[in-house]
Amino acid sequence: MGSLKTLFGAAAVVANMAGASDAQDIQSGIVTRVNGVEGRTQLYDLPDVVLPNFYGDPEDAFRNPGNRTAITQGYDSIGEVDERRPVTLGMRQYNPILQMMDSNGRSFCTATIATIAGFETQEQGTIITTAAHCVEVRDPNTDEHIKFRQPEEITFAGNYLDDNGQIQFFKMGADKVWVNPLYSENKNADIAYKDKHGYFPDNIVEADTALVFTSQITPQEVIPAKVLPSNYKTSLEISEKISDAQGQGAKIMFAVAGHSSDKPYLTVDEHSLALYGDYDGMNTQADIVPGASGGPVFVIDQKTAELIEDSTTHQPLMFAVNSTVIDKTDQARHSYYNIDTLHDVPFLKEEGRESDLYCAQSGEVLVDGLNIRVSPDVDAQLLAPDRYHPQSQLGKGELFNVHGDTINQLGQAWALVTTEFGRTGYISANPEYVSVDQKFCFKLKL
């Protein structure tokens, strides 16, 4: 594959720069159409039996650890110029990116082996990041939520070059799955809003993050990505920087990778222009299509487009996960990992804390009605009413557990809580409204 890629590389580059947008796998290669016109046939995908004397350098092999096939379909999330390029095994910083497969072996999303700044696992094992909607099963006819996938329904496939330059494939199973609780709360709040007003408040899927834990150990040749989680304040600061850059005519770029379904291999768009940011994530002009969901957004050097590494661990720095593409635009949406919600993950603990040390914080509502919202802002949507909270409010005397606290743009204190009825959202932490106990910790000896 490597020699063929070298021989026909010029044709591939020309087609890519022209805006290749429609690829179809056939036995004789990949036919690329540019602006609807059939282009040059690129022969890098010929079977080995056709040219048995050609040696393919493993460094140049395209990453497709699950042997996924491409789907011929046009997507409006790709602009006139498709800036994606194939990721090869020689690009070792991309080793942690995995294909996510269901129990039938069907590849449907992207995931990344990672560590999370400020957190570590409760027990020895591996953390894998992806999008919340990737572990959701929905009715294909109505798009209604059915369930979240169980660990036994999820498998990951990866590959890398070992110290001898040989391609090694590996699979990892899921032992535990955490879905950001604000994902469902936001979706339900949107549905309640539509029922009341006749339209959805926005086209954004909020809190679209999930984590998977596996007791399997990452191969030593695979260096995990390092997730940089955000809080409400830092998210808004990022939003301001993006807005300021646009006002000054500057560009902020990210490298967005994923197993887009129109390509049979991993691709990366190293020129993903940041367009907009908010408390939950950001929009870019990343060239990705469905299948790239859950893939990583990497921080890059703005001059060289090289992935920036942690200076000590040499981990590529990961900023967010791919959430959705926005219909009829060439925009993509990416979700941040919220520090507050990470305290809700049962298989994570704060970095440096003893594994048998458990901490908790609780509180009580002091007023007759306290609004509970999807973000720490008085203008944010209320949680959808239910039989326990018909007015989207907590009643006087109701108890809650605190996951994290934050200060919003107005300097107000808010807390992310889970109620005694299992709902999760933000409430005001004003001491006139709530009484919050001191955090207490205890050792649990088994």
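Which residues touch the most other members of the largest nonpolar core? Select Tyr94, Ile116, Leu211, Phe298, Leu342, Phe347 and Leu348, which do so among its 30 residues. Such a core joins buried Ala, Val, Leu, Ile, Met, Phe, Trp, Tyr and Cys residues through side-chain atoms within 4.5 Å; buried means under 20% relative accessible area, exposed over 50%, and partly exposed in between (1.4 Å probe, protein chains only).

Before moving on, note that this is a predicted model, where local features need pLDDT of at least 70, side-chain atom pairs count only at pLDDT 80 or more, and totals for chains, interfaces and linings use all residues. Residues are numbered from 1 along each chain as its sequence is written, and side-chain values use heavy atoms, leaving out hydrogens and water.

Next, click on phenylalanine 347. Beyond its neighbours within four places in sequence, its contacts (heavy atoms within 4.5 Å) include Ile127, Trp178 and Leu211.

Now go to tyrosine 337, in the loop between strand S21 (331–335) and helix H5 (339–342). Helices (H or I, at least four residues) and strands (E, at least two) are DSSP runs, numbered from the N terminus. Tyrosine 337 counts as buried because its relative accessibility is 1%. Show proline 229 too: the two are 108 residues apart in sequence, yet their C-alpha atoms are 4.8 Å apart in space. A polar atom of the tyrosine 337 side chain also lies 3.2 Å from the backbone oxygen of threonine 130.

Last stop: phenylalanine 442, in strand S31 (residues 440–443). Phenylalanine 442 counts as partly exposed because its relative accessibility is 38%.

How values were computed. A polar contact is a pair of N or O atoms within 3.5 Å; within protein, one must be able to donate a hydrogen and the other to accept it, and residues adjacent in sequence count only if both atoms are side-chain atoms.
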